[in-house]
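Student: I have the sequence and the structure open side by side. Can we go through what is worth a look?
Tutor: Yes, here it is.

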Amino acid sequence: MKREKMLKRLKKQKEPWDVVVIGGGATGLGVAVDAASRGYKTLLLEQHDFAKGTSSRSTKLVHGGVRYLQQGDISLVLEALKERGLMIQNAPHLVKNQAFIIPNYEWWDGPFYQVGLKVYDLMSGKLGIGSSKRLSKDETVEHIPTIDQNGLKGGVVYYDGQFDDARMALSLAKTAHQYNGVLLNYFEVTGLEKNEEGIISGLKAKDCESGKHYSIQARSVINATGVFADKVKKMDEPDVKSMIQPSQGIHLVVSKEFLPDKYAIMVPQTKDGRVMFAVPWHDKVVLGTTDTMKEKPELEPEAQDQEIDFILETAGQYLTKQPTRADILSVFSGLRPLAKPEGDGKSTKEISRHHKVMISQSGLITIIGGKWTTYRKMAEDTVDNAMLIGALPERKCITMNLPVSGYDKNLDLTTDPLAVYGTEKYQLLELEEENPALAEVISETLPLRKSQVVWAVKHEMARSVEDMLARRVRGLFLDARESLRVSEKVAEIMAEELGEGSDWVDNQLEEFNEVAGKYVIKD
C-alpha cells in the first residue's frame with residue numbers, strides 16, 4: 001500500500017463510488033473489506049491513522065464474552081463465538097488460541113464456573129478451540145506459578161482467542177486494497193453533500209497532509225467512526241440526539257515476570273462487578289480493564305489515577321507479587337463506542353455490546369456498538385444495507401471464508417515477533433538480504449529492526465513516528481520509555497525514506513514526545 005498511489009486513484013475516479021466509508025478503525029476497515037470483496041468501488045477515509053483510536057487499544061482478546069453469558073445475553077455470545085472461530089480460521093498469523101484460568105478461592109466457584117464454561121464450549125459448536133476443565137490447586141499453581149496460593153482451592157481453564165489489534169487493522173486495510181479498495185489515512189471528512197431531494201450524494205474531505213479539499217461523489221456513505229459517530233451524524237442532522245456513550249477502558253503493561261507461563265488469568269467478578277484480565281502479549285503482560293463512563297470522546301484519552309490504582313490493587317489480590325507504579329512499562333486508554341441506552345442510570349458495564357445499523361432520512365448509514373470480535377458480521381450487516389440504499393447490484397458477502405492479507409498458518413505467534421507480518425515476513429527478510437544494514441536491531445526489548453521501519457514507510461502507509469511505534473510495531477504500548485529512547489533513530493530512518501529533512505525530524509519528535517508522555521507513568 002502506497003499513499004501516493006491511493007491519491008492518484010482517488011483523483012482519477014470520475015464515476016461516483018459505490019461505497020464510501022468514513023472511519024479507519026475495526027468497523028470501517030471491515031466494511032471496506034466486505035464492500036471491496038463484493039466488487040463494489042470502495043473508498044475509505046480516516047482522519048488520522050488506521051486504528052488510531054479504540055481499535056488499537058483493546059484488551060487484545062478475540063472472545064465470545066464469558067461475562068455476557070453470565071448476563072444472559074445468549075445471542076451476543078453465540079454471534080461472537082462464531083466470529084471468534086472465523087477470525088482464527090481466516091487470520092492465523094494474527095489470532096491465536098489463548099488458555100485462560102479462573103482461579104477459585106471459594107469451594108463453590110469451581111463447579112459454578114465449570115458448568116457455565118461447558119455451556120460456553122457447547123455454544124462454540126464446530127468452531128470451538130478447546131474444552132474447559134477443572135484444575136486442582138497443584139495444577140493451577142503449575143500453570144500460574146505467580147498465583148496467590150493463600151486460600152486457593154483450584155481453578156477452571158477455558159480457551160479464547162488473542163490477537164494484535166493494530167496489525168489486524170492494517171491487514172484488513174491490505175485485504176481491502178487487494179480487492180481494489182482505495183484507503184487513505186490523514187484524510188478528514190468535513191461535510192456531507194446532498195442532492196435537491198435532500199439525499200446524500202457524496203461528501204467533502206480534506207487531505208490533512210497537503211491541505212487540498214475534495215468533493216467526492218458516492219452512491220452510499222457509511223459512518224463507521226466509533227466514538228466520533230455523533231460528530232458525523234450531526235453533519236447530516238445538526239439537531240440529532242447523541243447516540244454514543246463513551247466508556248473508558250485502561251490497560252497497564254508489565255514485564256512477564258508477573259505471569260511467566262503461557263496461561264492468562266481471568267477474574268470474572270472484581271469488587272465492583274467488572275471483569276479483570278492478566279494476559280501474556282508480545283513477551284509482556286497486559287492487565288485490565290476498567291469501565292468508566294466518559295462525557296465526550298477524545299482521540300488520545302488519558303488514564304485516571306483511580307483507574308490505575310484499581311488495576312494494580314486487583315491484580316495484587318491474585319498474584320504473589322503486588323505490581324506497583326514502578327513496574328508499569330506502559331499505560332494505554334481506549335474508549336468503547338457504546339450505544340447510549342434508553343433512560344438514565346445504566347452503568348457502562350450494563351450497556352449492551354450489540355451493534356446497530358441505522359439509516360437516516362437522507363440515506364446516511366451509521367454503524368455503532370459491537371466489538372473487535374464481531375467486526376466481520378457488523379460489516380456484512382452494514383454493506384447489506386448499503387446495497388439497498390445505493391441501489392447497488394445484489395452480491396453476496398464472501399468474507400466468512402476470506403483469508404486476511406498475510407494469511408499463513410505455519411508461523412508461531414508466541415515465539416516469532418515477525419509472525420504478525422504473515423507471508424510478508426519473507427519479503428521483509430529479503431529486504432535485509434539485499435541491504436544487510438537494514439538487519440540492524442534498533443531495540444532488543446521492543447523488539448525492533450531497521451527493516452521494519454523501512455517496510456512500514458514503503459508498504460504500510462506509516463506517515464509519522466507515532467504511526468510506526470504505536471501501530472506498525474507495538475512499541476509504545478509495550479514499553480513507552482524504550483519507545484521514546486529509540487524515537488530519534490526511527491524518525492531519521494523514516495525521514496530518509498519519505499524524502500524529508502531535519503525540520504520534519506524535529507517536528508515528529510516533538511509530537512511523539514507529547515503523545516508518548518501519556519503512556520508513561522509519572523513517578
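Tutor: Helices (H or I, at least four residues) and strands (E, at least two) are DSSP runs, numbered from the N terminus. This is a predicted model: local features need pLDDT of at least 70, side-chain atom pairs count only at pLDDT 80 or more, and totals for chains, interfaces and linings use all residues. Residues are numbered from 1 along each chain as its sequence is written, and side-chain values use heavy atoms, with hydrogens and water left out.

Student: OK. Where does D506 lie?
Tutor: D506 is in helix α16.

Student: Is D506 buried or exposed?
Tutor: Neither: its relative accessible area is 48%, so D506 is partly exposed. Buried means under 20% relative accessible area, exposed over 50%, and partly exposed in between (1.4 Å probe, protein chains only). The areas come from the Shrake-Rupley method with a 1.4 Å probe, and for residues only the protein chains shown count as cover.

Student: Which residues gather with D506 in a patch of negative charge?
Tutor: E488, E492, D503, E510, E511 and E514 join D506 in that surface patch. Patches are made of residues with over 30% relative accessible area and no salt bridge, with like charges joined within 9 Å and nonpolar side chains (Val, Leu, Ile, Met, Phe, Trp, Tyr) within 5 Å. A salt bridge is a side-chain nitrogen of Lys or Arg within 4 Å of a carboxyl oxygen of Asp or Glu. Lys and Arg count as positive and Asp and Glu as negative, while His and the chain ends are not counted. The place of a charge is NZ of Lys, CZ of Arg, CG of Asp or CD of Glu.

Student: Which helix gives the most to the negative patch?
Tutor: α16, with five residues. Both α15 (480-498) and α16 (502-516) supply at least two residues each.

Student: And which residues make the patch of positive charge?
Tutor: K2, K5, K8, K11, K12 and K212 gather there on the surface. K212 sits in the loop between β9 (200-207) and β10 (213-217). With a relative accessible area of 42%, K212 is partly exposed.

Student: What about nonpolar residues on the surface?
Tutor: I359, L388 and I389 form a nonpolar patch with about 280 Å² of accessible area together. I359 belongs to strand β18 (residues 355-359) and is partly exposed at 40% relative accessibility.

Student: Switching topic. How many aromatic pairs does the structure hold?
Tutor: Nine. Rings of Phe, Tyr and Trp (its six-membered ring) pair if their centres lie within 6.5 Å; planes under 30 degrees apart count as stacked, over 60 as edge-to-face and the rest as tilted.

Student: Why is the pair of F100 and Y158 stacked?
Tutor: Because the planes of the two rings are at 20°, with the centres 5.3 Å apart. That pair links distant parts of the chain, with F100 in strand β4 (residues 95-104) and Y158 in strand β6 (residues 154-163), 58 residues apart. Both F100 and Y158 are buried.

Student: What sort of pair do F163 and W372 form?
Tutor: An edge-to-face one, 5.2 Å centre to centre with 80° between the planes. F163 lies in strand β6 and W372 in the loop between β19 (365-369) and α10 (375-389), so the pair ties together parts 209 residues apart in sequence. F163 is buried at 2% relative accessible area, and W372 is buried at 9%.

Student: Which residues do ring pairs link into a cluster?
Tutor: F100, Y120, Y158 and F277.

Student: Any odd backbone?
Tutor: Some background helps here. Most residues other than glycine have a negative phi, and most peptide bonds are trans. The peptide bond from G288 to T289 is cis, with omega near 15°, and T289 is in the loop between β15 (284-288) and β16 (292-293). The bond from L446 to P447 is also cis, with omega near -20°.

Student: Which loop holds P447?
Tutor: The loop between β20 (441-443) and β21 (448-449).

Student: And phi?
Tutor: A51 is not a glycine, yet has a positive phi of about 60°. A51 lies in the loop between β2 (42-45) and β3 (61-62) and is buried, with a relative accessible area of 2%. N180, not a glycine either, has a positive phi of about 70°. N180 is in the loop between α7 (165-178) and β7 (182-184) and counts as exposed at 54% relative accessibility.
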